[in-house]
Amino acid sequence: MASSVEIGGSWSTQEDIALCESWVNISHDPITGNEMKFHHMWSKIHGEFCQRSGSIRTEMALSSRWKILNKELGKWRNALTKARENIRSGANLSDEIIQAQMWFGATGRGKKSFVHFQCWEIVKDCSRFKIIPTAPPVVLHETPLHESPSTDSPLDSPMETESPLPRPPRPIGRKAAKAKRGATSNIDCVQIFEQIAKNNSLRLERDLRRDEADKARLEAFAIEKQHAKEKDDDEREMKIMVMDKSHVSPETKAYWKHKRRDVMRRKLFHDDRPSNTDWLNDENH
């Protein structure tokens with residue numbers, strides 16, 4: 001069986017993203033997703049993948065690549081589940097990702113770290129990859145930190161409700177401040193992952209342009225070399241045809257006569273084989 005590398009080369013990040021998007025759209029279609037047979041489903045996935053990516057990979061190559069991604073994404077789901085169950089109070093998304101990477105690499109099979117973050121964002125809400133916590137969640141606050149007093153409270157006084165001086169805001173608590181820092185860290189982590197993905201895409205485009213430039217340079221060099229060879233051949237043949245043989249020995253004259261026959265045969269019949277016949281045995285030639 002031919003591998004995906006043999007058929008279309010190494011898979012790029014954009015191809016992996018297109019494959020995951022196609023798999024989600026087809027296999028989770030609310031109308032036909034649960035009724036399609038396996039072969040028919042992958043046929044539709046292949047069609048949508050080709051439209052999204054413009055790739056020429058075969059249906060078998062897509063199925064083989066999905067087996068690899070499915071395994072990696074499943075391991076990442078399990079690692080995130082473990083990380084969320086063991087995360088300490090006050091930790092942010094960066095801590096969770098780091099701990100999940102440790103769980104992912106500790107399995108001892110496959111890659112040591114997870115890299116398909118953009119694919120994970122596409123499939124994480126699918127039933128196959130949805131994270132279902134097995135430990136009870138930790139509730140930091142079941143009620144708001146500060147509740148505003150009810151307007152019908154008997155403790156309210158006209159002086160308080162009608163006072164022209166605004167109340168100063170109460171300082172934020174330690175846990176609320178920690179949660180706020182965690183939210184900011186979540187945004188920073190997402191931005192870091194997006195920048196990494198953007199840099200990878202730019203590097204891939206730069207490598208492709210460089211390969212195309214190298215290929216064009218080699219083709220131009222080959223054409224120039226062929227033209228130079230043809231020019232040298234023409235000049236050498238012209239010297240053979242116009243050589244004066246009146247003052248040479250009979251042996252030398254016979255040699256150059258033989259060379260002239262080779263030149264004429266190449267010009268007339270495009271035959272590059274050495275001469276071994278006497279079809280032009282004419283003293284005028």
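Arg65 counts as buried, with a relative accessibility of 13%, where the cut-off for that word is under 20%. This arginine is found in helix α4, and, if residues up to four places away in sequence are not counted, Arg65 touches Trp11, Asp16, Leu19 and His116. The structure that holds this residue is a predicted model, and the values in this report are all to be read with that in mind.

## The chain as a whole

The protein chain contains nine helices and zero strands, so that its pattern, read along the sequence, is α-α-α-α-α-α-α-α-α. Of the 285 residues in the protein chain, 25% are buried. The chain exposes about 21,400 Å², and 56% of this area is supplied by carbon and sulfur atoms. Among the contacts in the protein chain with a separation of 6 or more, 57% are accounted for by residues 24 or more positions apart.

## The largest nonpolar core

In soluble globular proteins, nonpolar side chains tend to be buried together. In this model the largest nonpolar core has 33 residues, and those with the most contacts inside it are Leu19, Trp66, Trp76 and Trp120. Two or more residues are given to this core by each of the elements α2 (13–27), α3 (38–53), α4 (59–86), α5 (93–105) and α6 (117–123), and α4 gives the most, with eight residues. Leu19 is also one of the residues touched by the buried Arg65. For Trp120, when neighbours within four places in sequence are left aside, the residues in contact are Leu73, Trp76, Arg77, Leu80, Phe114, Phe129 and Ile131.

## Helix lengths and buried sides

For three of the helices, the table sets the span expected at 1.5 Å a residue beside the distance between the end C-alpha atoms.

| Helix | Number of residues | Expected span | Distance between end C-alpha atoms |
|---|---|---|---|
| α3 | 16 residues | 22 Å | 22 Å |
| α5 | 13 residues | 18 Å | 18 Å |
| α9 | 20 residues | 28 Å | 28 Å |

Which residues of α3 are buried? They are Met41, Trp42, Ile45, Glu48 and Phe49, and because they cover an arc of only 125 degrees around the axis, they lie on the same side of α3. What covers these buried residues includes α2 and α4, while the face of α3 turned away from its buried side carries the exposed residues His39 and Gln51.

Helix α5 can be described in a similar way, beginning with its buried residues, which are Glu96, Ile97, Ala100, Gln101, Phe104 and Gly105. They cover an arc of only 160 degrees around the axis, and therefore they are placed on the same side of α5. The face of α5 turned away from its buried side carries Ile98 and Met102, both of them exposed.

In helix α9, which runs over residues 250–269, the buried residues are Lys257, Arg260, Arg261, Asp262, Val263, Met264 and Arg265.

## From α3 into the loop

Helix α3 is followed by Gly54, whose phi is positive, near 70 degrees. The loop between α3 and α4 is also the place of Arg57. Is Arg57 buried or exposed? With a relative accessible area of 3%, Arg57 is buried, and its side chain reaches the backbone oxygen of Ser10 at 3.1 Å.

## Two partly exposed asparagines

Asn86 lies in helix α4, and because its relative accessibility is 42%, Asn86 counts as partly exposed. Leaving aside neighbours within four places in sequence, Asn86 is in contact with Gln99 and Trp103. The C-alpha atoms of Asn86 and Glu96 are separated by 9.1 Å, and these two residues are 10 residues apart along the chain. Glu96 is one of the buried residues of α5.

Asn186 has its place in helix α8 (residues 174–242), and at 31% relative accessibility Asn186 likewise counts as partly exposed. Which residues does Asn186 touch, not counting those up to four places away in sequence? Asn186 touches Asn92 and Leu93. Asn186 and Asn92 are 94 residues apart in sequence, but in space they are 6.7 Å apart, C-alpha to C-alpha.

Technical notes
Residues are numbered from 1 along each chain as its sequence is written. This is a predicted model: local features need pLDDT of at least 70, side-chain atom pairs count only at pLDDT 80 or more; totals for chains, interfaces and linings use all residues. Side-chain values use heavy atoms; hydrogens and water are left out. Helices (H or I, at least four residues) and strands (E, at least two) are DSSP runs, numbered from the N terminus. Buried means under 20% relative accessible area, exposed over 50%, partly exposed in between (1.4 Å probe, protein chains only). Contact means heavy atoms within 4.5 Å. Accessible areas come from the Shrake-Rupley method with a 1.4 Å probe; for residues, only the protein chains shown count as cover. A nonpolar core is a set of buried Ala, Val, Leu, Ile, Met, Phe, Trp, Tyr and Cys residues joined through side-chain atoms within 4.5 Å. The expected span of a helix is 1.5 Å times one less than its number of residues. The arc is that of the directions from the helix axis to the C-beta atoms. A polar contact is a pair of N or O atoms within 3.5 Å; within protein, one must be able to donate a hydrogen and the other to accept it, and residues adjacent in sequence count only if both atoms are side-chain atoms.
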